[in-house]
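Biologist: I am new to reading structures, and I would like to look closely at one part rather than skim the whole. Could you pick a single helix and walk me through it and its surroundings?

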Amino acid sequence: MKIELHTVEKYYNRGAHNQVHALRGIDLLIDASETVCIHGPSGSGKSTLLAILGGIIGPTCGSAVIGGKKMARLPDRFLTLYRRQHIGFIFQRFRLIPELSVLENVTLPLLPLGIRPADRKKRGRELLQRLEIDHRKDFPAAEISGGELQRAAVARALINDPSVIIADEPTAHLDTRLSEDFLTIMTDLKRLGKTIIIASHDPLVSASPVVDRCLYLRDGLLCAAS
Amino acid sequence: MAGSYLDRQLNIADYALSGFIRRLGRNSVVVFIFALVIFMVASFSLTTTSLKHSASRLLTTVPDITVQQMSAGRQAALSVTVIEKLDGIFGIRSMEPRVWGYYFDENNGANYTVIGHANFSDKARIAGLGIDFLPALKLDADADPAVLGRGVRENLELGERRTFSLFRPDLSVQSFITVGTFSAETSMVTDDLIIMDLDSARELFGLGPDDITDLLVDVANPLEIDTIADKIGERLAGVRVVTSERIKKTYRVAFGWRSGFGLACLFGAVAAFFIFAWDKASGLTPAQQQEVAILKALGWHTEDVITLRFWESLIISALAFCLGYLGAWMHLLFFDGILFRPLLLGWSVLKPPLSLVPVFSFADLLLIFSLSVLPYLAATVIPAWQSATIRPDSVI
Ligand SMILES: Nc1ncnc2c1ncn2[C@@H]1O[C@H](COP(=O)(O)OP(=O)(O)O)[C@@H](O)[C@H]1O
Ligand SMILES: [Mg+2]
């Protein structure tokens, strides 16, 4: 899905003493079939940018046009519907619910879509098999390893068959072998025609052949591609 | 690809149920406390209804007017000849002489209330009290027939035996044969009761052949009761005339005050519980806040999260309601409402053991439901509103 940002500004706590100007006039165009890597130092606004692209937060000003629809100024409801249907988000700290089993975590996005239990289970298991962590499906998320957590987070992001996949520092907690596994999964998804946006300062990611384009973010400003 | 509205709601309910099971340890504490509160309220209400039911059955058998002879401020024997003196009063349907008194059973230190009826053999007259008649026996010529309360039967240790004896004032023995037992439903006042023929009672209390203790007057038109009571008072010197309305009023005042007091105490307990529920629901733990943020980031609407809280609260309160209400029935059915009986009846009445029969009242059920489950839902779902509006950005 094609994504455009026009002069997007993001302030946190605007007007308060702890105001943060996290994004400063971002103009960005991402093609539907593109895989983009955003890198930059910690605190530069990568997560904020991804959250706006993923419809988790709205920009303070400027506009986001996603799939031809203007997202800015839309009420929360529409952002939620957009997330529900089109976005697969892999969060920086994975954010699985620790007491839920892996399978329950993975199928969580299907609940508000009204998918029946049997279908949910079937789809969840297929995905877990594809990602080779089927053997952990009944384990509570609190009891699996970092690599397994990440696969579960990927599975959860893919369960609603999204057109846009967003990953925030996906390899930060992984060793080289697991990082390469992750990139293999992304390569497969790219082949399926998904839009992929990854924030990472891991050179393994930015140098990977799966990435079409690298953007550099610094103090909320997008610098020329490197 | 999106399923129906119903499917979405079912999925949320499903998630609520699995969450309830996941947190069974913590939830069962809440369910237990809540069930206890409902148990108390329901027990109280069931006991009250059951007592009221017993009482109203009894009060229908209260005579319109009771006439008693007073002498120096104490009740004295009345002569049956008063019937003739009152005969001319227009509006009196019937008059019935009665002998009643307390019989002290020295063997086990119990007091029985003995009532002698002129028409004792006429089953229909006293059927209002609910008597289980035993099959007729070939009557022993010496034994007087009597109907016993359940407590009396137990005290006399009759078992399957039908005959027993009591002592007259001169310590000679009078033999009786049981022809029936009062039903458990009326045991509130029939537990210590022995009903027998008028002459048997005269003999037992050593009264003269013309003596009675009171005269029961039945009035044709209930509106005339007071007028007729006044006329009786004018015609007979030194009598006390008691109308049924006064007996009922005395009873209602005592009972109403007690149940009102009990209800006020319970209300305090219930209110305390809802404050506790509100407090718990409004202060989410960081883990719970995180869960809400994750659900919202994954595409749950604010109202989906509220629906989730609604289902969670409904599961807890419905379970507690069922447990509490069931417990209350057991309490009344098997333990005769032991917890609230003293409060409602006063300690003194405890002595004769009475057995209460639960009376199902849909209105009561609905009242308890709407006073427990509904406030609980309100006390937990309203504060959940605020937690459901947590923004999903804390997950990034
Ligand atoms: N919810 C928030 N409230 C206030 N400030 C925030 C919030 N999220 C991020 N920030 C601030 O915005 C800036 C950009 O943060 P972030 O987008 O997380 O950067 P990155 O992902 O590149 O480390 C940082 O200074 C951070 O402290
Ligand atoms: Mg970040």
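Modeller: Happy to! Let's take α5(A), a helix of 13 residues that reaches 19 Å from its first C-alpha to its last, close to the 18 Å expected at 1.5 Å a residue. Please keep in mind that this is a predicted model.

Start with how α5(A) sits in its surroundings. Because 11 of its 13 residues are buried, α5(A) is largely enclosed by the rest of the structure. The buried residues are Gly147(A), Glu148(A), Gln150(A), Arg151(A), Ala152(A), Ala153(A), Val154(A), Ala155(A), Arg156(A), Ala157(A) and Leu158(A). You will find charged residues in that list as well as nonpolar ones, with Glu148(A), Arg151(A) and Arg156(A) among the buried residues. A general point helps when you turn the helix on your screen: an α-helix has 3.6 residues a turn, so residues three or four places apart point the same way.

What does the covering of α5(A) include? From chain A there are β6, α3, α4 (117–130), β7 (164–168) and α6, and from chain B there is α10. Keep β6, α6 and the chain B helix in mind, as we will come back to them.

Now for the spaces inside the model. There are 2 cavities of 30 Å³ or more, and the largest has a volume of about 100 Å³. Its lining is made up of Arg83(A), Arg84(A), Ile87(A), Gly88(A), Phe89(A), Phe91(A), Pro109(A), Arg156(A), Ala157(A), Asn160(A), Ala297(B) and Leu298(B). Three elements of chain A give two or more residues each to this lining: α2 (76–86), β6 and our helix α5 (146–158). The biggest share comes from β6(A), with 3 residues. Sorted by class, the lining of this cavity has 7 nonpolar, 2 polar and 3 charged residues.

The second largest cavity holds about 40 Å³ of space. Around this cavity you can pick out Gly147(A), Gln150(A), Arg151(A), Leu174(A), Leu178(A), Asp181(A), Phe182(A) and Ile185(A). Here the elements that give two or more residues are α5 and α6 (176–191) of chain A, and α6(A) gives the most, with 4 residues. By class, this lining divides into 4 nonpolar, 2 polar and 2 charged residues. Our helix therefore has a part in both linings: Arg156(A) and Ala157(A) belong to the lining of the largest cavity, while Gly147(A), Gln150(A) and Arg151(A) belong to that of the second largest, and all five of these residues count as buried.

Next, the neighbour from the other chain. Helix α10 (residues 286–297) of chain B has 12 residues and reaches 16 Å from its first C-alpha to its last, close to the 16 Å expected at 1.5 Å a residue. Its buried residues are Gln288(B), Glu291(B), Val292(B), Ala293(B), Ile294(B), Leu295(B), Lys296(B) and Ala297(B). You have met one of them already, as Ala297(B) also helps to line the largest cavity. Just after α10(B), Gly299(B) takes a positive phi of about 105 degrees.

Finally, follow β6(A) onward into the loop between β6 and α3 of chain A, where you will find Arg95(A). Most residues other than glycine have a negative phi. Arg95(A), however, has a positive phi of about 55 degrees although it is not a glycine. Because its relative accessibility is 15%, Arg95(A) counts as buried, the cut-off being under 20%.

A magnesium ion (ligand 2) brings us to this loop too: it is coordinated by Ser47(A) through OG and Gln92(A) through OE1, at 2.0 to 2.8 Å. The pair links distant parts of the chain, with Ser47(A) in helix α1 (residues 46–53) of chain A and Gln92(A) in the loop between β6 (87–90) and α3 (102–107), 45 residues apart. Both Ser47(A) and Gln92(A) are buried.

To retrace the tour on your screen, begin at α5(A), which is largely enclosed by the rest of the structure. Then visit the two cavity linings to which α5 gives two or more residues, and end at the magnesium ion held by Ser47(A) and Gln92(A).

How values were computed. Residues are numbered from 1 along each chain as its sequence is written. Chains are lettered from A and ligands numbered from 1 in the order in which they are written. This is a predicted model: local features need pLDDT of at least 70, side-chain atom pairs count only at pLDDT 80 or more; totals for chains, interfaces and linings use all residues. Side-chain values use heavy atoms; hydrogens and water are left out. Donors are N, O and S atoms within 2.8 Å of the metal (3.2 Å for Na, K and Ca); water is not among the atoms, so sites may look incomplete. Buried means under 20% relative accessible area, exposed over 50%, partly exposed in between (1.4 Å probe, protein chains only). On a 1 Å grid over the protein atoms alone, a cavity is a set of points where a 1.4 Å probe fits but cannot get out, and a pocket is an open set with protein on both sides within 12 Å along at least five of seven lines; lining residues have an atom within 4 Å of a point. Grid points are joined across faces, edges and corners, and a volume is the space filled by probe spheres set on the points. The expected span of a helix is 1.5 Å times one less than its number of residues. Contact means heavy atoms within 4.5 Å.
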